[in-house]
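Let's take a walk through a protein together, starting with its open spaces and ending in its interior. Keep the structure in view as you read.

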Amino acid sequence: MPVAIITGASKGLGRALGAALAERGWDLVLDARTAGALKEAAAELSAYGTRVEALAGDVTDAVHRAELVAAARGLGGVDLLVNNASALGAEPLVRLEGLPLEGLRRALEVNVVAPLGLVQEALPLLRASGVGTVIDVSSDAAAEAYGTWGGYGASKAALDQLSAVLAVEEPGLRVWAVDPGDMGTDLYAAAVPDDDDPRPTPAGVVPAFLRLLDERPASGRYGAPSLLEGR
């Protein structure tokens with residue numbers, strides 16, 4: 001069975017994508033910081049009959065990243081790496097004039113440095129897969145200027161650039177930076193707690209990611225709304 005590592009997999013998009021892959025027979029290595037929520041997610045996904053390894057930890061920890069890749073190796077390798085774990089930099093979001101620099105450093109560590117570290121750790125297995133794929137979960141804030149989204153958007157813009165360069169350097173892989181579009185998630189609620197407008201569920205966005213995996217287009221940046229419209 002193919003094997004995927006998904007970070008930030010205890011809830012939201014990571015959990016929904018994990019469920020969709022498990023339903024398709026993928027074996028999974030799941031990461032999240034909250035052990036209880038991750039254990040619950042792993043139990044739910046194991047019900048599909050696939051092997052699920054759940055490792056609680058922080059993706060900014062090099063030892064934890066090595067453990068994730070080692071767990072995937074034990075399942076047979078790494079066919080897909082999904083860098084989904086994200087940090088906002090401030091909760092709720094604030095203007096740049098008030099953005100704590102420690103918060104910005106945290107966003108850069110989680111959203112940029114950790115994904116690259118995990119790619120570096122998994123790269124030999126991704127190359128050996130034959131269908132090695134990296135999905136870096138981006139944001140429209142990486143490409144558009146929204147007030148209060150500066151720190152988070154800057155970190156996602158940096159992630160987009162890493163994805164683009166990795167695609168050039170590793171032509172044997174598929175490397176997709178994917179903007180999932182608006183979603184009703186805990187991350188968004190923490191970012192803008194006063195916004196009660198309804199938003200799509202993460203499960204409603206997952207078909208866009210599955211379309212990429214099914215059709216395997218060229219490496220690049222993709223928007224989930226466009227992929228969903230083209231179904």
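Which residues lie nearest the centre of the largest pocket? Before you go looking, keep in mind that this is a predicted model. The ones to find are N84, S86, T185, D186 and L187, and they belong to a lining of 43 residues. The space inside the largest pocket comes to about 1000 Å³. How do we know where there's space at all? Rolling a probe the size of a water molecule over the atoms shows where empty space is left.

So who builds the wall? Several elements supply at least two residues each to the lining of the largest pocket: α1 (12-23), β2 (27-32), α4 (101-129), α5 (150-169) and α6 (186-191). Of these, α6 gives the largest share, with 4 residues. If you sort the lining of the largest pocket by class, you get 20 nonpolar, 12 polar and 11 charged residues.

Now move on to the second largest pocket, which holds about 170 Å³ of space. It has 14 lining residues, and L116, V119, L162, S163 and L166 sit closest to its centre. Two elements, α4 and α5, each give two or more residues to this lining, and α5 contributes the most, with 6. By class, the lining of the second largest pocket splits into 8 nonpolar, 3 polar and 3 charged residues.

Since α5 has turned up at both pockets, let's look at this helix on its own. It has 20 residues and spans 29 Å from its first C-alpha to its last, close to the 28 Å expected at 1.5 Å a residue. Which of its residues are buried? They are G151, Y152, G153, S155, K156, L159, D160, S163, L166 and A167. The cover over these buried residues of α5 includes α4, β5 (133-137), β6 (174-179), α6 and β7 (220-223).

Finally, head for the interior. In soluble globular proteins, nonpolar side chains tend to be buried together. Here the largest nonpolar core has 34 residues, and L21, L28, L30, L80 and F209 have the most contacts inside it. Take L28 as an example: leaving out residues up to four places away in sequence, L28 touches A4, I6, G18, L21, A22, L45, R51, V52, E53 and L75. Apart from the largest core there's another one, with 21 residues, including V3, I5, L75 and A167. You've met A167 already, among the buried residues of α5.

Key: Residues are numbered from 1 along each chain as its sequence is written. This is a predicted model: local features need pLDDT of at least 70, side-chain atom pairs count only at pLDDT 80 or more; totals for chains, interfaces and linings use all residues. Side-chain values use heavy atoms; hydrogens and water are left out. On a 1 Å grid over the protein atoms alone, a cavity is a set of points where a 1.4 Å probe fits but cannot get out, and a pocket is an open set with protein on both sides within 12 Å along at least five of seven lines; lining residues have an atom within 4 Å of a point. Grid points are joined across faces, edges and corners, and a volume is the space filled by probe spheres set on the points. Ala, Val, Leu, Ile, Met, Phe, Trp, Tyr, Cys and Pro count as nonpolar, Asp, Glu, Lys and Arg as charged, and the others, Gly among them, as polar. The expected span of a helix is 1.5 Å times one less than its number of residues. Buried means under 20% relative accessible area, exposed over 50%, partly exposed in between (1.4 Å probe, protein chains only). Contact means heavy atoms within 4.5 Å. A nonpolar core is a set of buried Ala, Val, Leu, Ile, Met, Phe, Trp, Tyr and Cys residues joined through side-chain atoms within 4.5 Å.
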